[in-house]
Protein chains: 2
Amino acid sequence: MLECRTPIETYEAITLAHGGGGSLTQRLISEILLPAFDNPHLAELHDGAVFHTEHRILAMTTDSFVVHPYLFPGGDIGSLAVHGTANDLAMCGARPLYLSLAFIIEEGLPVEHFRRIVTSVRDACRPVALQVVTGDTKVVERGKGDGIFINTTGIGVVLPGVEVAPRRVRPGDRILLSGPIAEHGIAILSVREGLSFETDLVSDSAHLWPVVSGVLQTGGNAVHALRDATRGGVASVVNEIARSAGVGIVLDEAEVPVRDDVRGACEILGLDPLYVANEGKFLAFVSPDAVETTLEAMRRHPLGREATLVGEVTKEHPGVVRLRTLFGGSRVLDLAAGEPLPRIC
Amino acid sequence: MLECRTPIETYEAITLAHGGGGSLTQRLISEILLPAFDNPHLAELHDGAVFHTEHRILAMTTDSFVVHPYLFPGGDIGSLAVHGTANDLAMCGARPLYLSLAFIIEEGLPVEHFRRIVTSVRDACRPVALQVVTGDTKVVERGKGDGIFINTTGIGVVLPGVEVAPRRVRPGDRILLSGPIAEHGIAILSVREGLSFETDLVSDSAHLWPVVSGVLQTGGNAVHALRDATRGGVASVVNEIARSAGVGIVLDEAEVPVRDDVRGACEILGLDPLYVANEGKFLAFVSPDAVETTLEAMRRHPLGREATLVGEVTKEHPGVVRLRTLFGGSRVLDLAAGEPLPRIC
């Protein structure tokens with residue numbers, strides 16, 4: 001080709017033309033995206049990815065990420081977008097396989113930040129061998145977005161014989177929690193509100209599949225449902241399950257692990273940790289006879305080392321979650337109207 | 001449940017709490033989304049959809065839609081998000097099967113507009129029996145978005161024996177165009193710029209699969225590549241193919257159909273229709289012996305009635321597109337830096 005090309009770094013910030021489908025879009029793809037996600041699907045430069053599968057039961061999930069700020073302690077919107085979607089697949093009992101990656105960028109985003117986020121997506125894919133197979137980039141005018149939003153949609157393969165779904169939850173099931181809660185939400189809020197705490201709070205954003213695959217291999221059919229406690233925290237998950245499965249739930253507040261510094265930060269911010277978002281913690285609903293083996297399977301992995309039995313499913317009070325409080329009382333743990341603060345993920 | 005519920009119409013506009021993962025998010029789902037997309041996958045209220053497939057070759061594609069305005073002549077962001085993603089699957093030779101649907105809503109979006117867009121998504125899915133199987137809703141503060149953005153990611157099944165991909169394009173291939181161009185871009189620009197033309201210009205946004213399936217059944221392996229001419233128009237598609245397949249392309253301007261009113265509007269706006277976006281037109285790269293049968297297959301469908309032979313692939317000038325102009329001359333048709341105006345899709 002005859003044209004003279006200046007490197008993309010000549011542009012310090014993303015411009016509207018980077019999203020216009022012309023030569024600047026091509027260069028964003030060829031200079032930043034393709035080198036990060038080097039695989040034959042993307043190299044085709046097709047409108048989509050074509051893949052062969054011998055698997056008969058697939059899972060599909062989608063999530064848009066609008067977290068503010070997009071860089072935060074313990075991660076950024078890129079790693080979060082990978083973990084969040086891969087974890088939703090894991091909650092379906094599915095090993096994450098393929099990911100689509102779609103950006104909505106606000107004009108003016110520093111190219112350096114974009115490159116950093118793309119690298120973060122790449123690095124977050126590696127531990128579970130996820131492949132980014134197709135993507136899209138749009139740019140909106142200044143003031144019509146907020147730096148960067150990401151959508152990731154994931155395809156996974158459900159482990160043979162596994163069936164985890166809210167409707168399988170039944171009275172008598174025990175509820176296991178994989179570890180201490182509220183770390184992601186507090187990490188985001190601390191930087192957003194400019195608070196500094198005695199210790200460094202970082203997001204717990206991480207892949208749950210390595211823990212979940214162990215749980216499923218051990219617990220098998222005794223594992224009825226899995227749910228990661230993201231937006232709305234543990235309280236929202238148990239409420240959703242109580243409603244969709246038509247069961248009651250009793251939760252033991254004393255058994256829910258919360259790190260001291262996180263609890264302190266929650267007190268300062270006036271937040272109940274049960275409602276604060278996590279990005280690397282999940283609840284497992286298992287039949288009573290599988291409690292010990294499932295807890296052991298969780299604890300074998302660093303992310304599940306502090307796993308505990310936190311509650312029980314009941315026939316009484318369908319749709320309602322009751323909390324046995326730290327002080328020995330009991331109260332209804334309701335669904336909040338929303339997150340304590342928006343844009344946590 | 002004991003709580004007292006006011007209908008969602010009590011809220012005239014979407015609030016941040018609708019995206020918080022709490023009770024208002026649940027109601028957005030149960031009162032607007034679930035009734036629109038009534039299928040067993042969504043009814044599970046799981047973190048993702050689990051589906052069985054006997055198909056071995058699947059296609060996956062993603063697109064975020066940021067079109068402004070989000071309601072426009074001939075459609076809205078909802079129908080566009082369905083057509084755009086389904087058409088990208090069609091361009092992979094795949095019948096669209098499953099769709100994920102993710103919203104990023106700006107606080108203040110009228111609930112009435114949201115409902116209208118959701119209905120439009122539903123209606124656009126029906127003609128090709130697409131199923132919305134999983135979704136996500138986020139809300140951002142006023143001034144951090146622009147009404148509504150949508151991501152749709154699609155899964156389709158590639159027709160047996162079909163392999164369409166840019167790398168299969170070879171010298172000697174003929175280039176067919178399915179119909180008159182530039183209608184989507186001009187329809188959007190006309191409302192955005194407050195222009196009124198003599199006739200009503202509407203977007204050509206539509207499903208291409210019904211035309212494409214006929215083309216593939218007729219042309220079979222002689223159909224080498226398909227590409228819909230969206231962002232950047234026909235000029236961008238032929239440039240991308242020329243580069244990725246390492247071939248030259250000659251395009252006959254006189255053979256490219258443009259409606260008179262669209263051409264007039266392009267002249268007023270100072271735009272070359274070859275660079276203006278379409279949402280219901282595609283190019284097919286076919287071997288020379290398949291030209292007539294493919295054109296016939298296109299013309300059997302209303303969307304392809306005006307299909308024409310517009311160009312040829314050459315060995316000479318790899319990576320370069322030359323245009324035989326209306327006036328008998330010849331010039332290089334380059335990739336534009338971007339769309340003439342941003343946020344066309």
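User: Before we start, what does buried area mean here?
Analyst: Buried area is the accessible area, taken with a 1.4 Å probe, that two parts lose on being put together, summed over both. Keep in mind that this is a predicted model.

User: OK, how much area is buried between chain A and chain B?
Analyst: About 6600 Å², and carbon and sulfur atoms give 55% of that.

User: Which residues of chain A lose the most area to chain B?
Analyst: Asp47(A), Met60(A) and Arg231(A), which together make up 12% of what that side buries.

User: And how many residues are in the contact?
Analyst: Chain A puts in 83 residues, and chain B puts in 83 residues.

User: Switching to charges, how many salt bridges are there between the chains?
Analyst: The count is 11 between chain A and chain B. One of the residues I just named, Arg231(A), has its side chain in a salt bridge with Asp136(B), at 3.2 Å from N to O.

User: What about the classes of residue on the chain A side?
Analyst: The side of chain A touching chain B has 35 nonpolar, 27 polar and 21 charged residues.

User: Which strands pair across the two chains?
Analyst: Strand S1 of chain A (residues 49-52) pairs with strand S2 of chain B (residues 57-65), antiparallel, over 4 bridges. Within that pairing, Val50(A) sits opposite Ala59(B).

User: Last topic: what turn lays chain A on chain B?
Analyst: A turn of 180° with a shift of 0.0 Å along the axis, giving an RMSD of 0.0 Å. So the axis is two-fold.

User: Which C-alpha of chain A is nearest the axis?
Analyst: That of Gly145(A), 2.2 Å from the axis. Both copies use the same surface, too: 100% of chain A's contact residues recur in chain B.

Key: Residues numbered from 1 in each chain as written. Chains lettered and ligands numbered in written order. Predicted model: local features only at pLDDT ≥ 70, side-chain atom pairs only at ≥ 80, totals over all residues. Heavy atoms only, no water. Contact = heavy atoms within 4.5 Å. Salt bridge = Lys/Arg side-chain N within 4 Å of Asp/Glu carboxyl O. Nonpolar A, V, L, I, M, F, W, Y, C, P; charged D, E, K, R; others polar. Pairing = 2+ DSSP bridges. Least-squares fit on C-alpha atoms with pLDDT ≥ 70 in both.
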